[in-house]
Amino acid sequence: MISNFKQRKIQPFHQLYYSNTPHKKIDKLPFWIYSYAYWLDKEVNHKLPDFYRSFAQGTIVMIDFGVRLGSEMSNGHFGVVLNTKDNKYQRNIIVIPLTSKNKKQYVPLENEVFVKTKELVNEKLKEVKDKQKKLKYETGTLEDRVKEVETVPDDVIVEVSSQNQKFQDTFSQLNFSSSDIDSTNKLIQTLEQQISISELPNLLRYLAVLKSLIIRLSNLEKDYKGLSNQLDSLGGLVNQLTKYNKETYADVSSITTVSKLRVQKFSSYDISSNIFLDSSSIDKIKARLYKIL
């Protein structure tokens, strides 16, 4: 009985969902349904977060408004947080959607979002340049050190020559290279398993130097990958800057409460949660709300 009731109620939705009707809202339905079902499942199974991020008043956030009816704000849009005393226990926030469209009832914010985004771009660009400068210095220092250890010290050669042929053959494969540190590290481990401190102290000291360089080279490689990711993220932020090179308006009539679960993922290279409207803009929004209410 319940099953039949559910089937009847869902049938009109199925017809619309699987239709080929060209409409923006219908196209967005799969994404909204997936997101809604994902969080609803967590709610039903008591797996929602215990704590939530806190937002200061004036924070601009990207919100998934979902697929809504009529002229209600739908899909992903920026909004400005109005809460004055938000905290990690609050699950919802009060927001006013932002738009680039100008209507009589909207509050003009001029190009504040663009200016704030530009400031964020410049801040992140400085971070990248500082990191590039640091990595360049570290690379130069390491290259000099690598050249120093490429030549095996004489006292190490003497110690190795006193060992059996198998050990000497293994050592002869030790060719320290910054381009193949994994192979070098494995070979060092093989050598260390065959010797004791009392027998070959000079070789052990030499291998310890190589190991420390391997660690530094490995960390440097990770730093370069991190820098590459930062550059990609910066490119995305620049694209946002270009996209939002327009005046912004606050749609005060669409003020609404949304779950913090609808606030899209945070990134330090994103407008969302990294840009804040000035108090003067918040005051203008409040004044317009006062007239409406």
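Me: Hi! Which exposed residues sit on the face of α6 turned away from its buried side?
Reply: Hello! That face of α6 carries Asp182 and Lys186, both exposed. Keep in mind that this is a predicted model.

Me: Okay, and which residues of α6 are buried?
Reply: The buried ones in α6 are Ile181, Thr184, Leu187, Ile188 and Leu191. Seen down the helix axis, the buried residues fall within an arc of 125°, so they line one face of α6.

Me: How many residues does α6 have, and how far does it reach?
Reply: Helix α6 runs over residues 181-192, which is twelve residues. From its first C-alpha to its last it reaches 16 Å, close to the 16 Å expected at 1.5 Å a residue.

Me: Let's move to α5. Which residues are buried there?
Reply: In α5, Phe167, Thr170 and Phe171 are buried. They cover an arc of only 100° around the axis, which puts them on the same side of α5. The face turned away from that buried side carries Lys166 and Ser172, which are exposed.

Me: What happens at the start of α5?
Reply: There, a side-chain oxygen of asparagine 164 reaches to within 3.2 Å of the backbone nitrogen of lysine 166.

Me: How do people describe two packed helices?
Reply: They give the angle between the two axes and the distance between the axes.

Me: Then what are those values for α4 and α5?
Reply: The axes of α4 (residues 154-161) and α5 (residues 165-172) come within 9 Å and cross at roughly 145°.

Me: Which residues meet there?
Reply: From α4 you have Val156, Val160 and Ser161, and they meet Phe167, Gln168 and Phe171 in α5. The residues of this contact divide into four nonpolar, two polar and no charged. Remember Phe167 and Phe171? Those two were also among the buried residues of α5.

Me: New topic: where is lysine 260?
Reply: Lysine 260 is in the loop between β6 (256-259) and α8 (279-292).

Me: Is lysine 260 buried or exposed, and why?
Reply: Lysine 260 counts as buried because its relative accessibility is 6%, and the cut-off for buried is under 20%.

Me: What does the side chain of lysine 260 reach?
Reply: Two backbone oxygens can be named here. The side chain reaches the one of arginine 53 at 2.8 Å and the one of glutamine 90 at 2.9 Å. Leaving aside neighbours within four places in sequence, the residues in contact with lysine 260 include Tyr52, Phe55, Asp86 and Ile93.

Me: And where do I find tyrosine 106?
Reply: Look in the loop between β3 (92-99) and β4 (107-108). Tyrosine 106 is buried, with a relative accessible area of 9%. Not counting residues up to four places away in sequence, tyrosine 106 touches Thr99, Lys101, Tyr249, Ala250, Asp251 and Arg288.

Me: How far apart are tyrosine 106 and isoleucine 157?
Reply: They are 51 residues apart in sequence and 80 Å apart in space, C-alpha to C-alpha.

Me: Last one: what is the phi of histidine 46?
Reply: Histidine 46 has a positive phi of about 55°, although this residue is not a glycine. Histidine 46 lies in the loop between α2 (24-44) and β1 (60-64) and counts as exposed at 74% relative accessibility.

Me: And what about phi of glutamate 110?
Reply: Phi of glutamate 110 is near 55°, a positive value in a residue other than glycine. Glutamate 110 is in the loop between β4 and α3 (112-150), and at 52% relative accessibility glutamate 110 counts as exposed.

Key:
Residues numbered from 1 in each chain as written. Predicted model: local features only at pLDDT ≥ 70, side-chain atom pairs only at ≥ 80, totals over all residues. Heavy atoms only, no water. Axes fitted to C-alpha atoms, helices over the stretch in contact; angles between N-to-C directions. Helix = DSSP H or I, 4+ residues; strand = E, 2+ residues; numbered from the N terminus. Contact = heavy atoms within 4.5 Å. Nonpolar A, V, L, I, M, F, W, Y, C, P; charged D, E, K, R; others polar. Expected span 1.5 Å × (residues − 1). Buried < 20%, exposed > 50% of the residue type's maximum accessible area, 1.4 Å probe, protein only. Arc of directions from axis to C-beta. Polar contact = N/O pair within 3.5 Å; in protein donor to acceptor, adjacent residues only side chain to side chain.
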